[in-house]
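Visitor: I have a chain open in front of me and would like to go through some of its side chains with you. Could we take them one at a time?

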Amino acid sequence: MRVSKGSARRRAKKRLFKEARGNYGGRSKLLRTVKETIIRSRAYAYRDRRVRKREFRALWITRITAACRARGTNYSQFINGLSKAGITLNRKSLSELAISQPQIFDEIVKAAQAALAA
């Protein structure tokens, strides 16, 4: 006996089309193309969740570098001085300090330079 899978099939397609909504042309209207689009979009989403972490770390390092150069040192010496001084602040918080509270960042830079000199 032939089974049509009526409502179950419709529900499955509806879920796929809902996920592909917003794509251009057949990528949101044709079932076969929608399936390909969803597979690719999920792959990009998985990959880019990891890439986002890299990009933010690079942004924080760039901000810290600019702040260090304005204070007469470079990034690598600053990080080395921090480790020798025993200051364990991550790059995210260091970049936030450099932007929002520069006087505190000045003190951290002085502590790092003192640890390098010693």
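**Charged pairs and a buried serine**

Guide: Let us begin with Arg47, which in this predicted model is partly exposed, with a relative accessible area of 44%.

Visitor: Which residue forms a salt bridge with Arg47?

Guide: The partner is itself partly exposed, at 31% relative accessibility. The closest N and O atoms of the pair are 2.9 Å apart, within the 4 Å that a salt bridge requires, and the residue that pairs with Arg47 is Asp48.

Visitor: How many residues apart in sequence are the parts that Asp106 and Arg71 tie together?

Guide: The side chains of Asp106 and Arg71 meet in a salt bridge, at 2.3 Å from N to O. Because Asp106 lies in helix α5 (residues 102–117) while Arg71 lies in the loop between α2 and α3, the pair ties together parts whose separation in sequence is 35 residues.

Visitor: In which helix does the salt-bridge partner of Arg42 lie?

Guide: The side chain of Arg42 meets that of Glu19 in a salt bridge of 2.8 Å, N to O. The two residues are 23 residues apart and link distant parts of the chain, with Arg42 in helix α2 (residues 31–70) and Glu19 in helix α1 (residues 6–19). Glu19 is partly exposed, at 37% relative accessible area, and its helix is α1.

Visitor: Is Ser95 buried or exposed?

Guide: Ser95 has its place in helix α4 (residues 91–100), and, leaving aside neighbours within four places in sequence, is in contact with Trp60, Arg63 and Ile64. Because its relative accessible area is 0%, which is under the 20% cut-off, Ser95 counts as buried.

Conventions:
Residues numbered from 1 in each chain as written. Predicted model: local features only at pLDDT ≥ 70, side-chain atom pairs only at ≥ 80, totals over all residues. Heavy atoms only, no water. Helix = DSSP H or I, 4+ residues; strand = E, 2+ residues; numbered from the N terminus. Buried < 20%, exposed > 50% of the residue type's maximum accessible area, 1.4 Å probe, protein only. Contact = heavy atoms within 4.5 Å.
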